[in-house]
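Please open the model in your viewer, switch to a cartoon representation, and keep the selection panel at hand. The tour below moves from one selection to the next and says what is to be found at each stop.

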Amino acid sequence: MSIIVTAATGNVGGGVVRRLIEQGEQVTVIVRHPDKLSSVVRDKANVQVGSLTNLDFLVEATAGAEAILWITPNNYGAEDIRQYYRDIGSVAAQAVRHNNISHVVNISSSGAHLPNGIGILSGLHDVEQALEVAANIVHLRPGYFFENYLAQLDAIRSGNVYLPIANHVRIAFVATADIAEVATQLLRDRSWSGHKIQGVHGPADLSFSEAAELLSQGINQKVTHVETKLEDFRQFLLEIGSTPNVADNYVEMFRTLGAPDYHSAEPRLPSTTTPTSLATFAREIILPVLRVKSAV
């Protein structure tokens, strides 16, 4: 019997796999690109190569599992991203039901409580609903990933970050390492039961201007948050290969997150508050990457 981890080459999935292996668990990873796995994972885990949208493959790959970490991969090439979420959620649910997987930990997102009106996050709502077939499931709803700033290294080096959201908007910010730690604990200690929703909030809610200040502290360089226009952001997504439908859904997501009446559905509690600060993340993760790139 094993624990299944999907999207095992990503930040959360990879972090969970590493922790499970270190703690002696039997792990099966499902990936599309096994060359991205570390040698340790290739040696210690059962590696299944295939697509999470392929029902026959997923049913076979998850046979005999006691628990599964489900992470829905992004699909910037989807012609209809909402339908993609419905379809992949259906495949996941059928595999869970067919193999009677007793415990499911689903990585969702803050905002997924809204069935419509928040772009791709409403797609994650659809995945949550599909996976309710599980006997026992926790939907983890984390906040805004610190790691999103890694896509802006050149901008950070020049002293700015650019996002289509206002400086004053306040949301939960969280490190994916902390999400991985929470998910690992749930996968290993399966004494819990029922259907649950749990926030993963990082140490504090931050405005985007406050986030820039913490980035500045971590890298010892002034960083300013710059609000960009939603249409400019949409055009950027199209230029990097997103379909118009995907770009529109990301625009809708940021528009809703920035609206005055938007509020996360999950209350911040001691149990949802994780330890890694954005300043620490910037110092330990972003700063070394900036130094390496500056030396090249």
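**The seven-stranded sheet**

In this predicted model, begin by selecting the open sheet of 7 strands, whose order is S3-S2-S1-S4-S5-S6-S10 and whose pairing is parallel. Its edges are formed by strand S3 (46-49) and strand S10 (195-200), each of which pairs on one side only. If you look along the sheet, neighbouring strands are turned against each other by 15 degrees on average, direction ignored.

Next, select residues 65-71 and 103-107, which are strands S4 and S5; these two run parallel and are joined by 5 bridges. Showing Trp70 as sticks lets you find its bridge partner in S5, which is Asn106.

Then move to S2 and S3, a parallel pair joined by 4 bridges, where Val31 stands opposite Val49 of S3. Adding residues 39-44, helix H2, to this selection completes a right-handed β-α-β unit made of S2, H2 and S3.

**Helix H1 and the second largest pocket**

Now select helix H1, residues 11-22, which lies across strand S1 (2-6), strand S2 (27-31), S4 and S5, and which runs at about 160 degrees to S1.

Keep H1 selected, as this helix also gives the largest share of the lining of the second largest pocket, namely 5 residues. That pocket has a volume of about 260 Å³ and is lined by 17 residues, of which Arg18, Glu147, Thr176, Ala177 and Ile285 lie nearest its centre. Which elements give two or more residues to this lining? They are H1, helix H7 (176-188) and helix H11 (278-295), so colour these three separately if your viewer allows it. Colouring the lining by class instead will show 5 nonpolar, 8 polar and 4 charged residues.

**The three-stranded sheet**

For the last stop, select the open sheet formed by 3 strands in the order S7-S9-S11, in which the pairing is mixed. Strand S7 (144-145) and strand S11 (205-207) stand at its edges with a single partner strand each, so that one side of each is left without a neighbour in the sheet. S7 runs parallel to strand S9 (residues 170-174), to which it is joined by 2 bridges, and Phe145 has Val174 in S9 as its bridge partner. Finally, add residues 208-219, helix H8, which packs on this sheet, touching S7, S9 and S11, with its direction making about 95 degrees with that of S11.

Technical notes:
Residues numbered from 1 in each chain as written. Predicted model: local features only at pLDDT ≥ 70, side-chain atom pairs only at ≥ 80, totals over all residues. Heavy atoms only, no water. Pairing = 2+ DSSP bridges. Axes fitted to C-alpha atoms, helices over the stretch in contact; angles between N-to-C directions. Contact = heavy atoms within 4.5 Å. 1 Å grid on protein atoms, 1.4 Å probe; cavity = no way out; pocket = protein on both sides within 12 Å on 5 of 7 lines; lining within 4 Å. Points joined across faces, edges and corners; volume = space filled by probe spheres on them. Nonpolar A, V, L, I, M, F, W, Y, C, P; charged D, E, K, R; others polar. Right-handed = clockwise from strand over helix to strand, strands pointing away.
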